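Please open the model in a viewer and keep the selection panel at hand. The tour below proceeds from one selection to the next.

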6 protein chains.
Amino acid sequence: MSDYSRENFLDLNTFRGLGEDPAYQPPVLTDRPRDWPLDRWTDAPRDLGFSDFSRYQWRGLRMLKDPDTQAALHDLLCELRPRTIVELGVYGGGSLVWFRDLTKLMGIDCQVIGIDKDLSRCQIPDSEKSNISLYEADCSDLATFEPLRGAAHPLVFIDDAHSNTFNIMKWAVDHLLEQGDYFIIEDMIPYWDRYSPKHLAEYLAAFRDVLSMDMVYANASSQLDRGVFRRADMKE
Amino acid sequence: MSDYSRENFLDLNTFRGLGEDPAYQPPVLTDRPRDWPLDRWTDAPRDLGFSDFSRYQWRGLRMLKDPDTQAALHDLLCELRPRTIVELGVYGGGSLVWFRDLTKLMGIDCQVIGIDKDLSRCQIPDSEKSNISLYEADCSDLATFEPLRGAAHPLVFIDDAHSNTFNIMKWAVDHLLEQGDYFIIEDMIPYWDRYSPKHLAEYLAAFRDVLSMDMVYANASSQLDRGVFRRADMKE
Amino acid sequence: MSDYSRENFLDLNTFRGLGEDPAYQPPVLTDRPRDWPLDRWTDAPRDLGFSDFSRYQWRGLRMLKDPDTQAALHDLLCELRPRTIVELGVYGGGSLVWFRDLTKLMGIDCQVIGIDKDLSRCQIPDSEKSNISLYEADCSDLATFEPLRGAAHPLVFIDDAHSNTFNIMKWAVDHLLEQGDYFIIEDMIPYWDRYSPKHLAEYLAAFRDVLSMDMVYANASSQLDRGVFRRADMKE
Amino acid sequence: MSDYSRENFLDLNTFRGLGEDPAYQPPVLTDRPRDWPLDRWTDAPRDLGFSDFSRYQWRGLRMLKDPDTQAALHDLLCELRPRTIVELGVYGGGSLVWFRDLTKLMGIDCQVIGIDKDLSRCQIPDSEKSNISLYEADCSDLATFEPLRGAAHPLVFIDDAHSNTFNIMKWAVDHLLEQGDYFIIEDMIPYWDRYSPKHLAEYLAAFRDVLSMDMVYANASSQLDRGVFRRADMKE
Amino acid sequence: MSDYSRENFLDLNTFRGLGEDPAYQPPVLTDRPRDWPLDRWTDAPRDLGFSDFSRYQWRGLRMLKDPDTQAALHDLLCELRPRTIVELGVYGGGSLVWFRDLTKLMGIDCQVIGIDKDLSRCQIPDSEKSNISLYEADCSDLATFEPLRGAAHPLVFIDDAHSNTFNIMKWAVDHLLEQGDYFIIEDMIPYWDRYSPKHLAEYLAAFRDVLSMDMVYANASSQLDRGVFRRADMKE
Amino acid sequence: MSDYSRENFLDLNTFRGLGEDPAYQPPVLTDRPRDWPLDRWTDAPRDLGFSDFSRYQWRGLRMLKDPDTQAALHDLLCELRPRTIVELGVYGGGSLVWFRDLTKLMGIDCQVIGIDKDLSRCQIPDSEKSNISLYEADCSDLATFEPLRGAAHPLVFIDDAHSNTFNIMKWAVDHLLEQGDYFIIEDMIPYWDRYSPKHLAEYLAAFRDVLSMDMVYANASSQLDRGVFRRADMKE
């Protein structure tokens, strides 16, 4: 009996953008020795494909933000000095710890809030949870976000769950974001621009009086591509 | 009141791989005249972005297979002369009509079967439905596929719905595919190889005794990339 | 005696743009097995070079139009619904059959006319010649085209022989093309633009009052690059 | 009098690899508004050139390591947990602070030592100098390095000054590096491989018994390209 | 009357590989000033397309060999020190003068022989014809080459006419080339490899006992790509 | 004892832009036979990396100008017909001989002057020194250039030493260049534009009244990129 007859295959689509394993695994080289002899230096294979998504980590936790995105967000934190960072989509939790570590290094008193419909994959050890709050909730239910109303400002709100995004953005504009706060859509703009260009342009234009795109960060990495918005002055 | 306050935004994620409109719209040039004067020929703008996904059509129906994929599938039909083509994922229905037209031109008596959980977007006019059958059904329920058991062979089974794919492939191997029949996974292999490389390799290897990859078609277009499998000889 | 001493070598230049064999040969893989085992899936070679010119076919006949060009011409046929298609350069004849099949599928009563100085390479079987006419004639002699004068409109005239092109275009404008008809120069514009840019711009500009470039199709594929012209309104 | 008649122009060659200003300046957009209106979202300019070298910073200090290099060195610190990091070439000092911050976050008791022939450009504020030592010294004089002999291990030695590199590497092997310690040559390998390939291969081969190239990090970024070496087991 | 009604258009195909004008014309910038002001230096347009074919010249004569090809042929002349250079295809004659100048500078007593079916386009002034001989003759008639039999060796034979190439190569092997002499096919190999790969491989293989490809020059430029052959040792 | 313990390694940085050996060495193929058999023609390795810097030569002397740069400078010599060419940076001396040979072929009575702080690497044989003068001098001392004051015009001044460039350019404008003369900065503009963009733009702008960039040559090769300046009309 061949082993394709296993009971069930996981649906790989559920991993898109996430990766199959929330825990970080250090790289293991299978096709070459890790210690390459220096008298054969000129023959060494190059292009390890090291920039692979599954490799990014922060202190042992998987990190689904690539180095260029990290560099741009570092700059945003430096400039804005946020008191609250909300991220929808927790997965392994690496980026929450990264946000906490960076703001702490910068001397900012900042709460980092992660929201996900399934926190079972979160790998943050208890010893690393200071200034980090986790909520299991459903992004399709806007009531999920009510507890955020009292959050300190400046505030950065990051959609990394990619579900019901524009209705959440509307909720945030109506009930949460103050002038200068950010709403960031990671990863999805290029896809939406390919498959739904008319809807996307129409939806963004709907926010023309309340948000603007920040041109310093909106093109700084492929993950942030045209998705960094700032709460504008209130129009009277 | 700004118009971001509309009641609801559609979730753009549901369009990924589909496009926002199942009906084909002919191209309209907004940034240049369609008739370009020949005494200014050297100044004409190039790179229309004409190869955009939303443009592909077959006789007025949107066609979510690009030209290279069409060329490769044409060759497969020519070689295999299938009596049945099953496609999961109907959307506007253009590719079903295309399969029907091509097999008819080739003189093949072929039934084309489309399965989708939502047939409301299908744009095939009644006058074009000969040799085409449509079923509204849920890919996550394998019972959906029971009626296929009596289909004529040779048979091509195309997964273009991307849900529960490997369990469907297992069902097809167990209950449907005869030697020489094809199971094709469109579009998804490169994504799965990026986000779940270990699972993907493991899942495919599980089928090693019952399927092989057909190297003539498995790299013929980006949509077919490493996703064309053929039912092998039965191992006794 | 070494075999370079054979009597005669064919002049390979005569094949440029044609290929050495007008008959289609299905692909045969020599450097890898066609059936690739799935437990070695990750090691499979990629980039088959499948998009090679010599591979394109339509129902077993070689087809010297690549998939992108086919997609664009499909769209043109859909929009114009031509009653006559003239193509200079027949070679194996695949594109004539393709034009006939497509117009027939679209329900258009269309005559397809192929003209070549050497019809001996034509591979169209007798059973596939309905609505197709073939003329052996010399493009350098404009009298060749006299019989076309009575052709039905709308009409598409395609130069795929690349000999005496602009004088033929002048003849067509003077004696054949009505408003809305097309004159298409395949393949050659980029070469002429490289080697004779001044002549090319001057020749095209000469037609400024009688033809315009159709920007929807003129950049849709590399074979059609800046070579799709439409008969304009008559200037009084 | 035109202003080319100024007394003196600085020699721009002295900036190669450094940049003209050791202090970090936040980006200022001069050719577009920073706040881009969302109803003109589709017209927004892209490709800001944001990945420009002069932009990288760490908490307000210029950082001459790009994001990919930071990601790779983060991984190395995580794996090795070094007690000492020596960097030749201080410039603004950003990377020293970055090394200190990262090792501290990782809970490692690590001394970071910067050596430069000109410390006047160093921008590290006094309040950020814990666990960081600075020495003004000349790399061409190996006596410079004597004080390092008592440093704690594991140890990482980074040449970012690019002067007398191989003699320093020899000194480090003879007097400093223990098994498992690293010697890293940043930025220069591709240049040397272009202009002095024979010398480079010969010099590296000379170290074949005492160092090996670590294939996990040696191709992880263009700045680390084939320049990460690890002290091997002593051969008896 | 529009001016497309001119009597005759030249057939642009006859210019392929030649260009429309055998005389060299110095570049004239039409879309920008030649003198660009230095206080607007950062705004200067780049990518002049200066490497355009029609631009290459040698001392005022058009030169249909690009700079990389010149560099490689310079090296070949240096190494071989030929006494005779035969080139089929003269056009403006620039490369004949270039061969003469280079061999003279190298102190080689070398005759340069140009053969073309139409010498009317040759632009070599009488004052520059020392050591250069011109023959008007038809490459399709092998008797054309009989007068070459007494030429001095070493000898380089270059096919830049692209007509009857392999029969001429056979004639040269049989009647002209001595061991170490070269037969070079310029420009055409990539085209023939695209359109007639089987014939090309078969024809070259026919010469396996009498010629070999010289790997130093056969890939040194795109014009020489896999087309530099050397007369091998006679097999007894 | 391993041989890394050699007394001294040369500092490879001193070779940047020069190469490790001023003498030209002909290419030797180590990884393939030079004579490739024609019956295995289709398997021949391609991409020899023949365009490598260390390969360029002129009549046996290394030539640190690539073929595209040679083509552009040839055109400049043809147009300007200079009586004096000054080059800072001699190294092997190949380009001095090349300048001398070209101007002589063009019938120009031209003196070629090479200046370097170390002439010991110069490989020009005594027999090739007609019309070439060599000075050992230090570019950082402007007095070095005093003897040039009497040079004949038109004059081309090339900075290929890359030391103190802008002060030398100022000296040349003040004391040497007449209207129409050229000052050329080779190789360095792209580096300076990367590492010191503000200084570079400011320094060039300082010369706005006395020099302009010649757009015919300033983008003709990567080595000349935006670095070809012409002495403008004197402003009264």
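How much area do chain C and chain E bury between them? In this predicted model, the two chains bury about 4,500 Å² between them, with 54% of it on carbon and sulfur atoms.

**The interface of chain C and chain E**

Select chain C and chain E together. The contact takes 46 residues from chain C and 46 residues from chain E. The count of salt bridges between chain C and chain E is 0, while 2 residue pairs are found in polar contact across this interface, counting pairs with both residues at pLDDT 80 or more. On the side of chain C that touches chain E, the elements giving two or more residues are helix 3 (165–175), helix 4 (189–195) and helix 5 (197–206) of chain C. Helix 5 of chain C supplies the largest share of that side, 8 residues.

**Helix 5 in chain A**

Move to chain A and select residues 197–206, which form helix 5. Buried residues of this helix include A:His199, A:Leu200, A:Tyr203 and A:Leu204. Their cover includes helix 3 (165–175), helix 4 (189–195) and strand 10 (228–231) of chain A.

**Strand 10 in chain E**

Next, select residues 228–231 of chain E, which form strand 10. Which residues lie on each side of this strand? E:Val228 and E:Arg230 are on one side, E:Phe229 and E:Arg231 are on the other, and all are buried, so that both faces are covered. In a regular strand, side chains alternate between the two faces of the sheet.

Add strand 8 (residues 182–185) of chain E, which pairs with strand 10 in the antiparallel sense over 3 bridges; here E:Phe183 stands opposite E:Phe229. Then add strand 9 (residues 211–214) of chain E, also antiparallel to strand 10 over 3 bridges, with E:Leu211 opposite E:Arg231.

**The sheet shared by chain A and chain D**

Finally, display chain A with chain D. An open sheet of 8 strands has the order 1(A)-9(D)-10(D)-8(D)-7(D)-4(D)-5(D)-6(D), with mixed pairing. Strand 1 (35–37) of chain A and strand 6 (132–136) of chain D stand at the edges with a single partner strand each, so one side of each has no neighbour in the sheet. Neighbouring strands are turned by 25 degrees against each other on average, direction ignored.

Within this sheet, select strand 4 (residues 84–88) and strand 7 (residues 155–159) of chain D: they run parallel and are joined by 5 bridges. D:Val86 has D:Phe157 as its bridge partner. Helix 1 (residues 67–80) of chain D lies across strand 4, strand 7 and strand 8 (182–185) of chain D, running at about 175 degrees to strand 8.

Notes. Residues numbered from 1 in each chain as written. Chains lettered and ligands numbered in written order. Predicted model: local features only at pLDDT ≥ 70, side-chain atom pairs only at ≥ 80, totals over all residues. Heavy atoms only, no water. Pairing = 2+ DSSP bridges. Helix = DSSP H or I, 4+ residues; strand = E, 2+ residues; numbered from the N terminus. Axes fitted to C-alpha atoms, helices over the stretch in contact; angles between N-to-C directions. Contact = heavy atoms within 4.5 Å. Buried < 20%, exposed > 50% of the residue type's maximum accessible area, 1.4 Å probe, protein only. Buried area = accessible area lost by both parts, 1.4 Å probe. Salt bridge = Lys/Arg side-chain N within 4 Å of Asp/Glu carboxyl O. Polar contact = N/O pair within 3.5 Å; in protein donor to acceptor, adjacent residues only side chain to side chain.
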